[in-house]
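Me: I've got a model open and I'd like to go through the labels people put on it. Can you help me check them against their cut-offs?

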Amino acid sequence: KINGGNFEYDEQLIVSNLASQTAVAVENDRQHLDAERTYMETVSALAMAVDARDKYSRGHSDRVSDLSVKVAQKLGLDTEAIQDIKEAAELHDVGKIGMSDEILKKCDFLDPEETQIMHDHPVIGEGIIKPVRSFARLCDIVRHHHEWLDGSGYPDKLKADQIPLGSRILAVTDSYDAMT
């Protein structure tokens with residue numbers, strides 16, 4: 001005690017209760033972080049599974065991530081923005097996880113129904129990563145990586161500066177990797 005005296009029973013009880021509540025709060029936070037880390041690892045594994053589904057897309061997310069980082073660095077973006085773009089690029093196609101191989105591996109043009117299914121993957125991907133608090137900053141980049149400057153992209157038909165810069169970078173590097 002400040003005055004040097006002994007703690008009374010009621011005071012000891014208050015301190016004991018406070019210590020117990022603090023311990024519970026610390027343990028809850030640790031468990032939450034563990035659960036979030038596990039979810040992050042699961043989402044990353046799903047993204048790698050999408051990438052590995054066929055020989056043409058194997059390594060796609062890594063290549064897009066590397067290219068996106070180089071573009072972001074060349075543009076002089078700050079370290080945090082570059083990290084966000086890198087992580088979003090690694091996860092950008094995770095929404096394809098539930099799509100059939102018939103659509104993903106189709107060598108011919110997609111019919112309108114298949115095209116709509118394919119156009120849903122950015123929204124599905126956003127939904128997969130959204131529950132992770134530390135992925136929240138990536139949601140817009142993942143959702144809008146198929147938007148085009150003229151507004152003809154998807155899912156929201158955004159135009160020009162309405163599209164987040166990270167999404168614009170990802171759209172270019174994603175297209176480049178797909179074409180090459």
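Me: Which residues of helix 8 are buried?

Reply: This is a predicted model, and in helix 8 the buried ones are Gly 166, Ser 167, Ile 169, Leu 170, Ala 171, Thr 173, Asp 174 and Asp 177. They get that label because each falls under 20% relative accessible area.

Me: What covers the buried residues of helix 8?

Reply: The cover includes helix 2, helix 3 and helix 7.

Me: How do you know that the span of helix 8 is close to the expected one?

Reply: Helix 8 runs over residues 165-179, which makes 15 residues. The expected span is 1.5 Å times one less than the number of residues, so 21 Å is expected for helix 8, and its first and last C-alpha are 21 Å apart.

Me: What makes four residues in the lining of the second largest pocket count as charged?

Reply: Asp and Glu both count as charged, and the lining has Asp 51, Asp 62, Glu 87 and Glu 90; therefore these are the four charged ones. The other lining residues divide into four nonpolar and two polar. The space in this pocket is about 210 Å³.

Me: Which helix gives the most to that lining?

Reply: Helix 1 does, with four residues.

Me: Which element of the chain has the lowest mean pLDDT, and which the highest?

Reply: Helix 1 has the lowest, at 86, and helix 7 (residues 139-143) the highest, at 97. For the chain, the mean pLDDT is 91, with 98% of residues at 70 or more.

How values were computed:
Residues are numbered from 1 along each chain as its sequence is written. This is a predicted model: local features need pLDDT of at least 70, side-chain atom pairs count only at pLDDT 80 or more; totals for chains, interfaces and linings use all residues. Side-chain values use heavy atoms; hydrogens and water are left out. On a 1 Å grid over the protein atoms alone, a cavity is a set of points where a 1.4 Å probe fits but cannot get out, and a pocket is an open set with protein on both sides within 12 Å along at least five of seven lines; lining residues have an atom within 4 Å of a point. Grid points are joined across faces, edges and corners, and a volume is the space filled by probe spheres set on the points. Helices (H or I, at least four residues) and strands (E, at least two) are DSSP runs, numbered from the N terminus. pLDDT is the predictor's confidence in each residue, from 0 to 100. Buried means under 20% relative accessible area, exposed over 50%, partly exposed in between (1.4 Å probe, protein chains only). Contact means heavy atoms within 4.5 Å.
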